[in-house]
Amino acid sequence: MAGPELTLESRPWRSEDAALYVQLAADAFRIVSPWARPKDSVEFVARMHSELNPSGRAIVAIAHSAGRAVGHFSAIPWRLLCRDGRTATGWQLSCFAIAADLQRAGVGTKLVGAVLQAVAAQPADFAFVYPNPRSLGVFLRHGGRYLDQSETLICLPRKRRTLTTPDGSRLSCTPRTAHEVAPLVQSIPEVPTRPGNFVKDRSWFVWRHLGPDADARTRFVQVHGASEHFVLVLASHRVRGIEFTVLVDVYPDILPDRFALVLEAARYAGGGRPVYLTTNLRRRVASAQGAPWTISVPRWADPRSVGTMIMPKTTLADEDLAHSAVLTGDWMSF
Ligand SMILES: CC(C)(COP(=O)(O)OP(=O)(O)OC[C@H]1O[C@@H](n2cnc3c(N)ncnc32)[C@H](O)[C@@H]1OP(=O)(O)O)[C@@H](O)C(=O)NCCC(=O)NCCS
């Protein structure tokens with residue numbers, strides 16, 4: 001089948017593109033209820049693509065057909081610390097939506113080609129994506145390769161009266177608004193990025209999680225004790241009538257060193273509800289020993305499995321990206 005007549009436009013992102021994406025996503029994702037798509041707000045999409053990102057402004061490709069915009073796809077830059085100490089620029093392919101009446105007609109495949117071409121014209125070491133099952137075929141056709149697979153973990157519910165560190169010292173958990181978190185993150189020291197990981201430093205966190213609509217999508221909890229001080233970014237999600245606490249992110253980037261404590265804190269701060277998270281760290285870090293009892297959701301039962309996929313034409317060695325830490329917020333759904 002020939003597919004629709006298309007014009008493809010790719011360029012640096014502009015603020016009016018956010019409303020176009022949100023409108024297309026409402027159409028493309030109409031099978032998913034709006035409450036399950038908390039990231040699809042104009043404010044959030046605009047912030048994610050703007051130059052507030054410490055890695056720079058996004059690029060976008062838009063497909064037009066018969067005088068209307070029918071597809072949106074973008075690439076958002078990140079910094080990755082390579083094993084040799086170099087900082088590489090990687091572009092995360094994101095915000096992919098095709099008008100419902102034109103899906104499965106080849107538009108998405110052409111848009112991926114347009115974005116990859118636009119990325120290649122930027123300072124770019126690699127492009128990567130965490131595909132969903134619907135978009136997977138399109139990325140495979142463009143030569144995408146999985147380098148890693150994350151687990152979807154459910155940490156079983158348990159109510160506790162107090163939160164303590166493994167050595168027994170007590171931690172306080174205080175709900176905070178985004179406005180209150182802003183000065184807090186200025187006072188909590190960053191942790192150095194480990195080679196082979198994306199840079200998730202203070203400026204990254206402020207851009208990613210502290211936008212004007214942050215309190216509508218997520219909630220923040222300050223965890224504080226004699227030797228610990230961190231901020232959890234949490235969300236809520238309902239699946240088959242069960243309310244989950246989603247562990248979206250944590251500042252500073254301590255999950256590799258404090259895996260068990262961060263999960264326990266999310267469970268405590270979420271009122272003992274089950275905690276949902278996506279990560280590839282559980283089998284890799286010693287700090288996961290002693291983590292609360294978790295179930296790894298089997299791939300066949302996972303509504304959103306997450307794998308790290310690299311696209312071709314990269315200057316990066318696979319090993320620099322293959323074991324980069326993934327946490328729920330990284331695949332951009334919250
Ligand atoms: C996922 C999505 C972006 C893909 O875009 P698309 O335009 O539908 O993609 P394409 O048409 O290029 O390819 C999709 C499938 O249609 C098939 N196809 C392409 N042209 C076709 C044609 N002319 N006739 C019949 N089938 C065709 C492709 O072979 C492909 O099959 P496969 O994925 O099983 O290999 C789009 O379907 C969408 O917006 N879905 C809802 C939102 C979503 O899930 N976004 C992804 C977030 S990561």
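## Packing around helix H3 and the two-domain arrangement

The buried residues of helix H3 are covered by elements that include strand E1 (7–12), strand E2 (59–65), E3, strand E4 (87–98), strand E5 (126–129) and helix H4 (136–141). Helices (H or I, at least four residues) and strands (E, at least two) are DSSP runs, numbered from the N terminus. The model is predicted: local features need pLDDT of at least 70 and side-chain atom pairs count only at pLDDT 80 or more, while totals for chains, interfaces and linings use all residues. Residue numbers start from 1 along each chain as its sequence is written.

Among the buried residues of H3 are Val107, Leu111, Val115 and Val119; buried denotes 20 or more other C-beta atoms, placed from the backbone, within 10 Å of the residue's own. H3 (residues 107–120) has 14 residues and reaches 20 Å from its first C-alpha to its last, close to the 20 Å expected at 1.5 Å a residue, that span being 1.5 Å times one less than the number of residues.

The protein is divided into two domains, with bounds from an automatic or database domain assignment. Their C-alpha centres lie 26 Å apart. The contact (C-beta atoms within 7 Å) is made up as follows.

| Domain | Residue range | Residues in contact |
|---|---|---|
| Domain 1 | 7–149 + 308–313 | 16 residues |
| Domain 2 | 151–301 | 15 residues |

On the side of domain 1 that touches domain 2, E3 supplies the largest share, 4 residues.

The largest nonpolar core (buried Ala, Val, Leu, Ile, Met, Phe, Trp, Tyr and Cys residues joined through C-beta atoms within 7 Å) has 96 residues. Both domains give residues to this core, so it lies between them.

Note on methods:
Buried ≥ 20, exposed ≤ 12 C-beta atoms within 10 Å, placed from the backbone. Contact = placed C-beta atoms within 7 Å.
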